[in-house]
Amino acid sequence: MKSPVRETFLALASILVLSCFPAAEEEPKINAPFTPPYPANVLLISLDTTRADHLSAYGYPRQTSPNLEKLAARGHRFDSAFTTIPSTLPSHASMLTSLYPSSLGVRGNGQRVPQEANTLAERLGARGYRTAAFVSEIPLDASTGIDQGFQTYNGPGDFAIREAIHWIRDEQFTDPTELDRPDLRSKVDAIVNRQSESKSVSQPFFAFVHLFDPHARYNVHSDSPEGLRVPHGAYPGQRGVIENPDDFTPEHIERTIKAYDAEIHHADRRIGELLEALGSFGVADRTLVIFVSDHGETLDELLDEIPYGFDHGEFLHTRELRVPLVIALPKNFGGETPAIHRQPVSTIDLMPTILEIIGATCDAPCEGRSLVPLLFGDDLPSRAVFSERRWVSPEIPPTASRTMSVAEGRWRYQYSDEYGVALFDLSQDPHETVDVSDDHPGVRARMHSSLQRWASAHARPLWKPPGSNLDPETRRSLEELGYVVGP
Ligand SMILES: [Zn+2]
(Lines give C-alpha, C1' and ligand atoms only; values in the text may rest on other atoms or scores of the structure.)
Protein backbone atom coordinates (compact mmCIF):
# COMPACT_ATOMS: atom_id res chain seq x y z
CA MET A 1 0.00 0.00 0.00
CA LYS A 2 1.28 3.45 -0.83
CA SER A 3 1.98 5.81 1.99
CA PRO A 4 0.02 9.13 1.75
CA VAL A 5 3.01 10.94 3.24
CA ARG A 6 5.31 9.50 0.62
CA GLU A 7 2.77 10.32 -2.13
CA THR A 8 2.59 13.92 -0.95
CA PHE A 9 6.38 14.12 -0.74
CA LEU A 10 6.76 12.78 -4.27
CA ALA A 11 4.14 15.17 -5.60
CA LEU A 12 5.85 18.13 -3.93
CA ALA A 13 9.25 17.00 -5.17
CA SER A 14 7.98 16.74 -8.73
CA ILE A 15 6.45 20.22 -8.51
CA LEU A 16 9.81 21.53 -7.26
CA VAL A 17 11.71 19.79 -10.02
CA LEU A 18 9.25 21.03 -12.63
CA SER A 19 9.42 24.59 -11.37
CA CYS A 20 13.23 24.50 -11.32
CA PHE A 21 13.29 23.06 -14.83
CA PRO A 22 10.21 24.24 -16.67
CA ALA A 23 9.54 22.26 -19.84
CA ALA A 24 10.21 25.31 -21.97
CA GLU A 25 13.80 25.57 -20.78
CA GLU A 26 14.73 22.06 -21.87
CA GLU A 27 17.26 21.67 -24.60
CA PRO A 28 15.47 20.70 -27.80
CA LYS A 29 16.13 17.08 -28.70
CA ILE A 30 18.41 16.52 -31.62
CA ASN A 31 16.59 14.96 -34.55
CA ALA A 32 18.43 13.10 -37.24
CA PRO A 33 19.07 15.47 -40.16
CA PHE A 34 16.61 15.14 -42.99
CA THR A 35 17.91 13.80 -46.30
CA PRO A 36 15.87 15.08 -49.24
CA PRO A 37 15.22 12.65 -52.10
CA TYR A 38 16.08 15.34 -54.68
CA PRO A 39 16.86 19.09 -54.73
CA ALA A 40 13.46 20.77 -54.46
CA ASN A 41 12.59 24.24 -55.69
CA VAL A 42 11.59 26.76 -53.03
CA LEU A 43 8.77 29.26 -53.49
CA LEU A 44 8.26 31.70 -50.62
CA ILE A 45 5.17 33.89 -50.94
CA SER A 46 4.69 36.78 -48.53
CA LEU A 47 1.37 38.61 -48.55
CA ASP A 48 1.87 41.85 -46.66
CA THR A 49 -0.39 42.94 -43.77
CA THR A 50 -2.50 39.77 -43.76
CA ARG A 51 -4.30 38.66 -40.63
CA ALA A 52 -4.67 34.93 -40.39
CA ASP A 53 -8.20 35.38 -39.04
CA HIS A 54 -9.25 37.15 -42.26
CA LEU A 55 -8.37 34.19 -44.47
CA SER A 56 -11.05 31.65 -45.29
CA ALA A 57 -8.10 29.23 -45.24
CA TYR A 58 -8.18 29.86 -41.47
CA GLY A 59 -11.94 29.68 -41.10
CA TYR A 60 -12.95 33.29 -41.82
CA PRO A 61 -16.55 33.20 -43.04
CA ARG A 62 -15.94 35.42 -46.09
CA GLN A 63 -14.41 33.53 -49.01
CA THR A 64 -11.25 35.62 -49.09
CA SER A 65 -8.73 32.92 -50.00
CA PRO A 66 -10.00 29.96 -52.05
CA ASN A 67 -6.54 29.26 -53.48
CA LEU A 68 -4.82 29.36 -50.13
CA GLU A 69 -7.54 27.04 -48.83
CA LYS A 70 -6.39 24.51 -51.43
CA LEU A 71 -2.76 24.98 -50.43
CA ALA A 72 -3.59 24.60 -46.73
CA ALA A 73 -5.68 21.50 -47.48
CA ARG A 74 -2.61 19.72 -48.83
CA GLY A 75 -0.07 21.27 -46.48
CA HIS A 76 0.70 22.24 -42.92
CA ARG A 77 -1.21 25.14 -41.44
CA PHE A 78 0.32 26.88 -38.44
CA ASP A 79 -2.29 28.53 -36.25
CA SER A 80 0.06 30.33 -33.87
CA ALA A 81 2.77 31.72 -36.12
CA PHE A 82 4.13 35.05 -34.89
CA THR A 83 6.09 37.70 -36.70
CA THR A 84 9.16 39.09 -34.98
CA ILE A 85 8.05 42.69 -35.59
CA PRO A 86 4.96 44.24 -37.18
CA SER A 87 6.80 46.28 -39.80
CA THR A 88 7.54 45.38 -43.42
CA LEU A 89 11.31 45.67 -43.92
CA PRO A 90 12.39 44.47 -40.46
CA SER A 91 9.95 41.58 -40.57
CA HIS A 92 11.14 40.36 -43.98
CA ALA A 93 14.78 40.94 -43.05
CA SER A 94 14.23 38.85 -39.95
CA MET A 95 12.50 36.10 -41.95
CA LEU A 96 15.29 35.99 -44.56
CA THR A 97 18.13 35.90 -42.00
CA SER A 98 16.57 33.96 -39.10
CA LEU A 99 17.57 36.78 -36.77
CA TYR A 100 15.46 38.89 -34.45
CA PRO A 101 15.29 42.55 -35.57
CA SER A 102 17.38 43.65 -32.58
CA SER A 103 20.10 41.14 -33.52
CA LEU A 104 20.09 42.33 -37.09
CA GLY A 105 19.86 46.01 -36.13
CA VAL A 106 16.90 46.56 -38.45
CA ARG A 107 13.77 47.72 -36.61
CA GLY A 108 12.30 50.20 -39.07
CA ASN A 109 11.55 50.73 -42.73
CA GLY A 110 14.30 52.64 -44.49
CA GLN A 111 17.06 51.08 -42.40
CA ARG A 112 19.67 48.86 -43.99
CA VAL A 113 20.33 45.13 -43.73
CA PRO A 114 24.02 44.60 -42.80
CA GLN A 115 26.16 42.98 -45.50
CA GLU A 116 27.54 40.61 -42.87
CA ALA A 117 24.18 38.87 -42.55
CA ASN A 118 24.11 35.49 -44.30
CA THR A 119 20.72 35.53 -45.96
CA LEU A 120 18.57 32.64 -47.11
CA ALA A 121 19.16 33.67 -50.73
CA GLU A 122 22.93 33.68 -50.17
CA ARG A 123 22.85 30.27 -48.54
CA LEU A 124 20.67 28.77 -51.27
CA GLY A 125 22.76 30.43 -53.98
CA ALA A 126 25.87 28.86 -52.47
CA ARG A 127 24.18 25.48 -52.86
CA GLY A 128 23.58 25.96 -56.56
CA TYR A 129 20.11 27.49 -56.47
CA ARG A 130 19.01 30.11 -58.97
CA THR A 131 17.59 32.88 -56.80
CA ALA A 132 15.11 35.63 -57.63
CA ALA A 133 12.84 38.02 -55.77
CA PHE A 134 9.75 39.84 -57.00
CA VAL A 135 8.61 42.52 -54.60
CA SER A 136 5.70 44.92 -54.68
CA GLU A 137 6.41 47.95 -52.55
CA ILE A 138 9.06 50.45 -51.62
CA PRO A 139 9.87 49.16 -48.08
CA LEU A 140 11.59 46.21 -49.81
CA ASP A 141 13.53 48.35 -52.26
CA ALA A 142 16.96 46.92 -53.15
CA SER A 143 18.63 49.97 -51.59
CA THR A 144 17.77 48.54 -48.14
CA GLY A 145 20.14 45.62 -48.74
CA ILE A 146 17.27 43.09 -48.51
CA ASP A 147 18.26 42.08 -52.06
CA GLN A 148 21.53 40.48 -50.98
CA GLY A 149 21.97 36.99 -52.38
CA PHE A 150 19.29 37.33 -55.05
CA GLN A 151 20.74 36.93 -58.54
CA THR A 152 17.60 38.59 -59.89
CA TYR A 153 15.89 41.27 -57.82
CA ASN A 154 12.76 42.60 -59.39
CA GLY A 155 12.21 45.87 -57.53
CA PRO A 156 8.92 47.30 -56.38
CA GLY A 157 6.24 46.96 -59.05
CA ASP A 158 2.62 46.08 -59.72
CA PHE A 159 3.26 42.80 -61.52
CA ALA A 160 5.30 40.71 -59.10
CA ILE A 161 3.29 37.56 -59.84
CA ARG A 162 3.49 37.96 -63.60
CA GLU A 163 7.23 38.61 -63.42
CA ALA A 164 7.70 35.60 -61.15
CA ILE A 165 5.76 33.35 -63.55
CA HIS A 166 7.87 34.53 -66.48
CA TRP A 167 11.08 33.99 -64.56
CA ILE A 168 10.15 30.49 -63.43
CA ARG A 169 9.10 29.59 -66.98
CA ASP A 170 12.32 30.90 -68.46
CA GLU A 171 14.67 29.59 -65.81
CA GLN A 172 13.19 26.23 -65.00
CA PHE A 173 11.80 24.49 -67.98
CA THR A 174 12.20 20.84 -67.12
CA ASP A 175 9.13 19.08 -68.44
CA PRO A 176 10.04 17.55 -71.83
CA THR A 177 6.41 17.18 -72.93
CA GLU A 178 5.97 20.92 -72.49
CA LEU A 179 9.12 21.54 -74.47
CA ASP A 180 7.68 19.61 -77.42
CA ARG A 181 4.85 22.06 -77.84
CA PRO A 182 5.44 24.12 -81.01
CA ASP A 183 4.64 27.40 -79.25
CA LEU A 184 7.46 26.64 -76.85
CA ARG A 185 10.06 25.81 -79.48
CA SER A 186 11.86 29.05 -78.74
CA LYS A 187 12.12 27.93 -75.13
CA VAL A 188 13.90 24.77 -76.26
CA ASP A 189 16.35 26.95 -78.15
CA ALA A 190 16.78 29.09 -75.07
CA ILE A 191 17.54 26.07 -72.95
CA VAL A 192 20.00 24.70 -75.50
CA ASN A 193 21.72 28.07 -75.48
CA ARG A 194 21.77 28.06 -71.74
CA GLN A 195 23.31 24.60 -71.66
CA SER A 196 26.01 25.85 -73.96
CA GLU A 197 26.67 28.43 -71.28
CA SER A 198 27.01 25.46 -68.90
CA LYS A 199 23.94 26.43 -66.90
CA SER A 200 22.11 23.25 -66.03
CA VAL A 201 18.36 23.28 -66.55
CA SER A 202 17.93 21.02 -63.56
CA GLN A 203 19.25 23.67 -61.20
CA PRO A 204 16.61 24.21 -58.52
CA PHE A 205 15.23 27.69 -57.97
CA PHE A 206 14.39 29.86 -55.01
CA ALA A 207 11.73 32.46 -55.78
CA PHE A 208 10.60 34.99 -53.19
CA VAL A 209 7.37 36.76 -54.12
CA HIS A 210 6.02 39.66 -52.10
CA LEU A 211 2.51 41.09 -52.58
CA PHE A 212 1.29 44.28 -50.93
CA ASP A 213 -2.44 44.40 -51.73
CA PRO A 214 -3.93 44.16 -48.19
CA HIS A 215 -1.82 47.09 -47.01
CA ALA A 216 -3.68 50.44 -46.98
CA ARG A 217 -4.53 52.21 -49.20
CA TYR A 218 -7.13 49.90 -50.61
CA ASN A 219 -7.88 49.59 -54.29
CA VAL A 220 -11.30 48.64 -55.56
CA HIS A 221 -11.21 45.63 -57.89
CA SER A 222 -13.78 45.09 -60.61
CA ASP A 223 -13.24 41.32 -60.42
CA SER A 224 -14.16 41.02 -56.74
CA PRO A 225 -16.90 38.45 -56.13
CA GLU A 226 -20.35 39.62 -55.09
CA GLY A 227 -19.80 39.39 -51.35
CA LEU A 228 -16.58 41.42 -51.49
CA ARG A 229 -17.59 44.25 -53.76
CA VAL A 230 -17.14 47.77 -52.40
CA PRO A 231 -17.88 51.10 -54.06
CA HIS A 232 -15.15 53.44 -55.19
CA GLY A 233 -14.48 56.28 -52.81
CA ALA A 234 -12.58 57.28 -49.73
CA TYR A 235 -12.10 54.81 -46.93
CA PRO A 236 -11.57 55.66 -43.30
CA GLY A 237 -8.44 54.22 -41.87
CA GLN A 238 -6.41 55.06 -44.93
CA ARG A 239 -3.90 57.53 -43.70
CA GLY A 240 -4.52 60.97 -45.07
CA VAL A 241 -7.77 60.02 -46.80
CA ILE A 242 -10.17 60.98 -44.05
CA GLU A 243 -8.75 63.55 -41.71
CA ASN A 244 -11.50 63.79 -39.13
CA PRO A 245 -11.94 60.78 -36.83
CA ASP A 246 -15.60 61.80 -36.41
CA ASP A 247 -16.14 60.72 -40.01
CA PHE A 248 -15.84 57.09 -39.01
CA THR A 249 -19.33 55.71 -39.07
CA PRO A 250 -20.15 52.04 -38.51
CA GLU A 251 -21.03 51.83 -42.19
CA HIS A 252 -17.66 53.32 -43.22
CA ILE A 253 -15.84 50.93 -40.96
CA GLU A 254 -17.70 47.88 -42.25
CA ARG A 255 -17.05 48.94 -45.82
CA THR A 256 -13.35 49.45 -45.10
CA ILE A 257 -12.98 46.00 -43.59
CA LYS A 258 -14.67 44.61 -46.67
CA ALA A 259 -12.20 46.55 -48.84
CA TYR A 260 -9.35 44.96 -46.86
CA ASP A 261 -10.88 41.52 -47.36
CA ALA A 262 -11.34 42.21 -51.08
CA GLU A 263 -7.63 43.03 -51.34
CA ILE A 264 -6.80 39.68 -49.75
CA HIS A 265 -9.08 37.98 -52.26
CA HIS A 266 -7.43 39.84 -55.15
CA ALA A 267 -3.99 38.69 -53.99
CA ASP A 268 -5.25 35.14 -53.48
CA ARG A 269 -6.36 35.07 -57.09
CA ARG A 270 -2.86 36.09 -58.24
CA ILE A 271 -1.32 33.47 -55.95
CA GLY A 272 -3.66 30.90 -57.53
CA GLU A 273 -2.31 31.89 -60.96
CA LEU A 274 1.25 31.43 -59.75
CA LEU A 275 0.56 28.00 -58.26
CA GLU A 276 -1.29 26.96 -61.41
CA ALA A 277 1.68 28.10 -63.49
CA LEU A 278 3.96 25.83 -61.46
CA GLY A 279 1.66 22.97 -62.45
CA SER A 280 1.63 23.85 -66.12
CA PHE A 281 5.44 24.16 -66.14
CA GLY A 282 5.68 20.68 -64.61
CA VAL A 283 7.47 21.84 -61.46
CA ALA A 284 4.63 21.93 -58.90
CA ASP A 285 5.44 18.51 -57.44
CA ARG A 286 9.10 19.41 -57.05
CA THR A 287 8.49 22.70 -55.28
CA LEU A 288 8.34 23.50 -51.59
CA VAL A 289 5.68 26.21 -51.23
CA ILE A 290 5.54 28.46 -48.20
CA PHE A 291 2.91 31.12 -47.67
CA VAL A 292 3.33 33.70 -44.92
CA SER A 293 2.65 37.31 -44.03
CA ASP A 294 5.03 39.84 -42.51
CA HIS A 295 2.50 41.08 -39.91
CA GLY A 296 -1.20 41.48 -39.34
CA GLU A 297 -3.24 44.66 -39.06
CA THR A 298 -5.24 46.50 -36.46
CA LEU A 299 -8.53 47.16 -38.24
CA ASP A 300 -11.21 48.99 -36.28
CA GLU A 301 -10.21 47.68 -32.86
CA LEU A 302 -8.40 50.79 -31.69
CA LEU A 303 -10.47 53.57 -33.18
CA ASP A 304 -11.28 54.80 -29.67
CA GLU A 305 -7.62 55.11 -28.78
CA ILE A 306 -5.80 56.13 -31.94
CA PRO A 307 -7.26 58.42 -34.56
CA TYR A 308 -7.07 56.25 -37.64
CA GLY A 309 -6.99 52.61 -36.59
CA PHE A 310 -6.18 50.42 -39.61
CA ASP A 311 -2.48 50.36 -38.94
CA HIS A 312 0.34 48.25 -37.54
CA GLY A 313 3.62 48.61 -35.73
CA GLU A 314 2.90 50.68 -32.64
CA PHE A 315 1.28 48.02 -30.49
CA LEU A 316 2.02 44.38 -29.99
CA HIS A 317 -1.22 42.46 -30.13
CA THR A 318 -2.14 39.17 -31.70
CA ARG A 319 -4.02 40.93 -34.50
CA GLU A 320 -0.68 42.45 -35.61
CA LEU A 321 1.70 39.70 -34.49
CA ARG A 322 -0.10 36.57 -35.59
CA VAL A 323 0.48 35.72 -39.23
CA PRO A 324 -0.76 32.97 -41.50
CA LEU A 325 1.83 30.30 -42.27
CA VAL A 326 1.27 27.38 -44.62
CA ILE A 327 4.01 24.95 -45.65
CA ALA A 328 3.37 22.47 -48.48
CA LEU A 329 6.16 19.96 -49.04
CA PRO A 330 7.31 18.70 -52.42
CA LYS A 331 6.19 15.26 -53.56
CA ASN A 332 7.87 12.12 -52.20
CA PHE A 333 9.50 13.99 -49.32
CA GLY A 334 7.19 12.33 -46.79
CA GLY A 335 5.27 14.65 -44.50
CA GLU A 336 2.60 15.17 -47.13
CA THR A 337 -0.25 14.42 -44.72
CA PRO A 338 -2.02 17.74 -44.10
CA ALA A 339 -1.97 18.93 -40.52
CA ILE A 340 -2.81 21.89 -38.33
CA HIS A 341 -0.21 22.91 -35.75
CA ARG A 342 -1.13 25.02 -32.76
CA GLN A 343 2.11 25.58 -30.88
CA PRO A 344 3.68 29.03 -31.21
CA VAL A 345 6.31 29.30 -33.94
CA SER A 346 8.13 32.32 -35.32
CA THR A 347 8.85 33.65 -38.78
CA ILE A 348 12.56 33.28 -37.91
CA ASP A 349 11.91 29.53 -38.02
CA LEU A 350 11.28 29.64 -41.78
CA MET A 351 14.90 29.80 -42.88
CA PRO A 352 16.09 26.83 -40.75
CA THR A 353 13.02 24.90 -41.93
CA ILE A 354 13.66 25.60 -45.61
CA LEU A 355 17.36 24.78 -45.22
CA GLU A 356 16.65 21.47 -43.52
CA ILE A 357 14.14 20.50 -46.20
CA ILE A 358 16.82 20.96 -48.85
CA GLY A 359 19.33 19.01 -46.75
CA ALA A 360 21.28 21.92 -45.23
CA THR A 361 21.55 23.37 -41.74
CA CYS A 362 21.11 26.90 -40.48
CA ASP A 363 24.44 27.57 -38.82
CA ALA A 364 24.99 30.28 -36.22
CA PRO A 365 23.96 32.98 -35.82
CA CYS A 366 20.52 31.64 -36.85
CA GLU A 367 18.09 32.25 -34.00
CA GLY A 368 15.15 30.27 -35.36
CA ARG A 369 14.80 26.52 -35.39
CA SER A 370 13.64 24.03 -37.98
CA LEU A 371 9.99 23.01 -37.89
CA VAL A 372 10.72 19.86 -39.90
CA PRO A 373 9.94 17.47 -36.99
CA LEU A 374 6.39 18.88 -36.89
CA LEU A 375 6.03 18.39 -40.65
CA PHE A 376 6.82 14.71 -40.22
CA GLY A 377 4.47 14.16 -37.31
CA ASP A 378 7.14 14.25 -34.60
CA ASP A 379 7.02 16.35 -31.45
CA LEU A 380 8.92 19.57 -31.13
CA PRO A 381 9.40 20.84 -27.57
CA SER A 382 7.60 24.06 -26.73
CA ARG A 383 9.79 27.11 -27.11
CA ALA A 384 9.27 30.80 -26.44
CA VAL A 385 8.98 33.06 -29.50
CA PHE A 386 9.60 36.77 -29.17
CA SER A 387 8.40 39.90 -30.93
CA GLU A 388 9.35 43.52 -30.63
CA ARG A 389 8.01 46.87 -31.69
CA ARG A 390 9.27 48.78 -34.68
CA TRP A 391 11.61 51.71 -34.39
CA VAL A 392 9.26 54.55 -33.56
CA SER A 393 10.80 57.97 -34.11
CA PRO A 394 14.08 59.86 -34.15
CA GLU A 395 13.26 61.23 -30.69
CA ILE A 396 13.11 57.78 -29.13
CA PRO A 397 16.43 55.88 -29.23
CA PRO A 398 16.09 52.15 -29.87
CA THR A 399 17.21 51.20 -26.37
CA ALA A 400 14.56 53.33 -24.71
CA SER A 401 10.86 52.60 -24.66
CA ARG A 402 10.91 48.91 -25.35
CA THR A 403 7.73 47.07 -26.14
CA MET A 404 8.18 43.32 -26.34
CA SER A 405 6.13 40.16 -26.49
CA VAL A 406 6.71 36.50 -25.76
CA ALA A 407 4.44 33.63 -26.76
CA GLU A 408 4.85 30.16 -25.39
CA GLY A 409 2.46 27.25 -25.14
CA ARG A 410 -1.01 28.68 -24.59
CA TRP A 411 0.21 32.04 -23.30
CA ARG A 412 1.27 35.37 -24.76
CA TYR A 413 2.73 38.01 -22.49
CA GLN A 414 3.75 41.54 -23.36
CA TYR A 415 5.67 44.24 -21.62
CA SER A 416 5.79 47.90 -22.54
CA ASP A 417 7.39 50.88 -20.86
CA GLU A 418 4.38 52.92 -21.96
CA TYR A 419 1.46 50.51 -21.76
CA GLY A 420 2.41 48.21 -18.92
CA VAL A 421 2.02 44.43 -18.98
CA ALA A 422 -0.65 42.06 -20.23
CA LEU A 423 -1.08 38.30 -20.32
CA PHE A 424 -3.43 36.42 -22.61
CA ASP A 425 -4.54 32.81 -22.66
CA LEU A 426 -4.61 32.05 -26.39
CA SER A 427 -6.30 28.69 -25.84
CA GLN A 428 -9.38 30.35 -24.28
CA ASP A 429 -9.17 33.80 -25.82
CA PRO A 430 -7.51 33.73 -29.26
CA HIS A 431 -8.49 37.34 -29.98
CA GLU A 432 -6.93 38.57 -26.74
CA THR A 433 -9.86 40.38 -25.24
CA VAL A 434 -9.14 39.71 -21.54
CA ASP A 435 -5.88 40.43 -19.72
CA VAL A 436 -5.49 37.57 -17.25
CA SER A 437 -2.19 38.64 -15.69
CA ASP A 438 -3.76 39.05 -12.23
CA ASP A 439 -5.27 35.55 -12.38
CA HIS A 440 -1.97 33.85 -13.22
CA PRO A 441 0.82 35.62 -11.31
CA GLY A 442 3.13 32.60 -11.63
CA VAL A 443 2.84 32.50 -15.43
CA ARG A 444 3.24 36.25 -15.59
CA ALA A 445 6.42 36.16 -13.49
CA ARG A 446 7.90 33.30 -15.50
CA MET A 447 7.19 34.97 -18.83
CA HIS A 448 8.42 38.31 -17.57
CA SER A 449 11.80 36.87 -16.65
CA SER A 450 11.93 35.06 -19.98
CA LEU A 451 11.39 38.43 -21.68
CA GLN A 452 14.01 40.10 -19.50
CA ARG A 453 16.58 37.45 -20.40
CA TRP A 454 15.77 37.84 -24.06
CA ALA A 455 16.00 41.65 -23.85
CA SER A 456 19.40 41.61 -22.20
CA ALA A 457 20.68 39.07 -24.76
CA HIS A 458 19.41 41.35 -27.54
CA ALA A 459 20.54 44.69 -26.19
CA ARG A 460 22.69 45.44 -29.22
CA PRO A 461 22.90 44.23 -32.82
CA LEU A 462 25.43 41.65 -34.00
CA TRP A 463 27.00 44.06 -36.47
CA LYS A 464 27.47 47.79 -36.63
CA PRO A 465 24.39 49.22 -38.36
CA PRO A 466 25.44 50.31 -41.85
CA GLY A 467 23.21 53.40 -41.88
CA SER A 468 20.55 54.24 -44.39
CA ASN A 469 21.25 54.29 -48.09
CA LEU A 470 17.95 55.90 -49.07
CA ASP A 471 17.77 58.31 -51.90
CA PRO A 472 15.45 61.27 -51.25
CA GLU A 473 12.75 59.90 -53.56
CA THR A 474 12.56 56.52 -51.78
CA ARG A 475 12.47 58.30 -48.44
CA ARG A 476 9.57 60.44 -49.68
CA SER A 477 7.69 57.37 -50.96
CA LEU A 478 8.04 55.68 -47.57
CA GLU A 479 6.82 58.76 -45.78
CA GLU A 480 3.83 58.91 -48.13
CA LEU A 481 2.94 55.39 -47.02
CA GLY A 482 2.82 56.82 -43.52
CA TYR A 483 6.12 55.50 -42.19
CA VAL A 484 8.50 57.25 -39.90
CA VAL A 485 11.74 56.49 -41.73
CA GLY A 486 14.65 55.17 -39.73
CA PRO A 487 18.12 56.73 -39.56
ZN1 LIG B 1 4.27 44.88 -44.20
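1. In this predicted model, the largest nonpolar core comprises 106 residues, and those with the most contacts inside it are A164, A207, V209, L288, I290 and I354. Helix α9, which spans residues 250-280, gives the most to this core, contributing nine residues. The core draws at least three residues from domain 1 (40-171 + 204-383 + 461-480) and at least three from domain 2 (400-458). As general background, nonpolar side chains tend to be buried together in soluble globular proteins.

2. I290, one of the residues with the most contacts inside the core, is a good place to look at individual neighbours: leaving aside residues up to four places away in sequence, I290 touches L44, I45, I327 and L350.

3. Turning to the sheet, four strands form an open arrangement in the order β10-β11-β12-β13, and their pairing is antiparallel. Strands β10 (385-388) and β13 (420-425) stand at the edges, and because each has a single partner strand, one side of each is left without a neighbour in the sheet. On average, neighbouring strands of this sheet are turned by 15 degrees against each other, with direction ignored.

4. One pairing can be followed in more detail, namely that of β12 (residues 411-416) with β13, which runs in the antiparallel sense over six bridges; Q414 stands opposite A422 in β13. In general, strands of a sheet pair through backbone hydrogen bonds, either parallel or antiparallel.

5. Finally, helix α13 (residues 441-457) should be viewed together with the sheet, since the helix lies across β10, β11 (403-408), β12 and β13, and runs at about 60 degrees to β12.

How values were computed
Residues are numbered from 1 along each chain as its sequence is written. This is a predicted model: local features need pLDDT of at least 70, side-chain atom pairs count only at pLDDT 80 or more; totals for chains, interfaces and linings use all residues. Two strands pair if DSSP finds at least two bridges between them. Helices (H or I, at least four residues) and strands (E, at least two) are DSSP runs, numbered from the N terminus. Axes are lines fitted to C-alpha atoms, for helices over the stretch in contact, and angles run from 0 to 180 degrees between N-to-C directions. Two residues are in contact if their C-beta atoms, placed from the backbone, lie within 7 Å. A nonpolar core is a set of buried Ala, Val, Leu, Ile, Met, Phe, Trp, Tyr and Cys residues joined through C-beta atoms within 7 Å. A residue is buried if 20 or more other C-beta atoms lie within 10 Å of its own, exposed if 12 or fewer, and partly exposed in between; C-beta atoms are placed from the backbone. Domain bounds come from an automatic or database domain assignment.
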